[in-house]
Amino acid sequence: MIEIRFATSQDYAYLAHKDHHVQPEVITKKIEDAEIIVILDNEQNIGWLRFNYFWDQIPFMNMLWLEEVYRKRGIGTRLVNFWEIEMQKRGNNQVMTSTLSDETAQHFYRKLEYQDCGSLLLPDEALEILFLKSLNT
């Protein structure tokens with residue numbers, strides 16, 4: 001059974017082992033600040049969504065990650081939808097994310113109605129595409 005919820009200290013070991021993009025102390029702080037959402041299958045962690053705030057205002061999804069066997073099954077969509085609903089509950093009417101132009105994630109975000117809104121070109125990297133989505137219904 002799939003469960004989606006904000007991360008707690010019980011999820012720390014899993015996140016620290018799997019998320020190599022941030023230091024362990026960042027994971028601790030983000031758990032405390034309710035800025036990581038985990039997804040579980042039968043009480044086992046299978047992925048997470050980590051976010052912060054662009055310009056300290058717009059929720060920005062920094063990382064969406066699922067164990068390989070759970071990909072392309074609609075589970076990532078469920079995780080993003082949960083995040084969007086929670087961000088709307090917090091009074092936000094927009095969310096953002098980004099992905100490299102050489103990654104297939106750009107198609108996933110566009111399918112979820114994220115709109116291209118800009119890009120960033122860093123030395124020796126593929127173009128980073130910025131996406132924005134309105135949460136107004």
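This passage describes the sheet, a helix packed on it and the main pocket of a predicted model.

The model is predicted, with local features requiring pLDDT of at least 70 and side-chain atom pairs counted only at pLDDT 80 or more, whereas totals for chains, interfaces and linings use all residues. Residues are numbered from 1 along each chain as its sequence is written, and side-chain values use heavy atoms, without hydrogens and water.

Seven strands (DSSP runs of E, at least two residues, numbered from the N terminus) make up an open, mixed sheet in the order β1-β2-β3-β4-β5-β7-β6; strands are taken to pair if DSSP finds at least two bridges between them. β1 (2-6) and β6 (115-120) are at the edges and have a single partner strand each, so one side of each lacks a neighbour in the sheet. On average, neighbouring strands are turned by 25° against each other, direction ignored. β2 (residues 36-41) pairs with β3 (residues 44-54) in the antiparallel sense over six bridges, and leucine 40 is opposite asparagine 45 in β3.

The largest pocket holds about 990 Å³ of space. A pocket is an open set of points on a 1 Å grid over the protein atoms alone where a 1.4 Å probe fits, with protein on both sides within 12 Å along at least five of seven lines; lining residues have an atom within 4 Å of a point. The volume is the space filled by probe spheres set on the points, which are joined across faces, edges and corners. Of 29 lining residues, Leu64, Thr104, Ala105, Phe108 and Tyr109 are the closest to the pocket centre. β4 contributes the most to the lining, with seven residues.

Conventions: Helices (H or I, at least four residues) and strands (E, at least two) are DSSP runs, numbered from the N terminus. Axes are lines fitted to C-alpha atoms, for helices over the stretch in contact, and angles run from 0 to 180 degrees between N-to-C directions.
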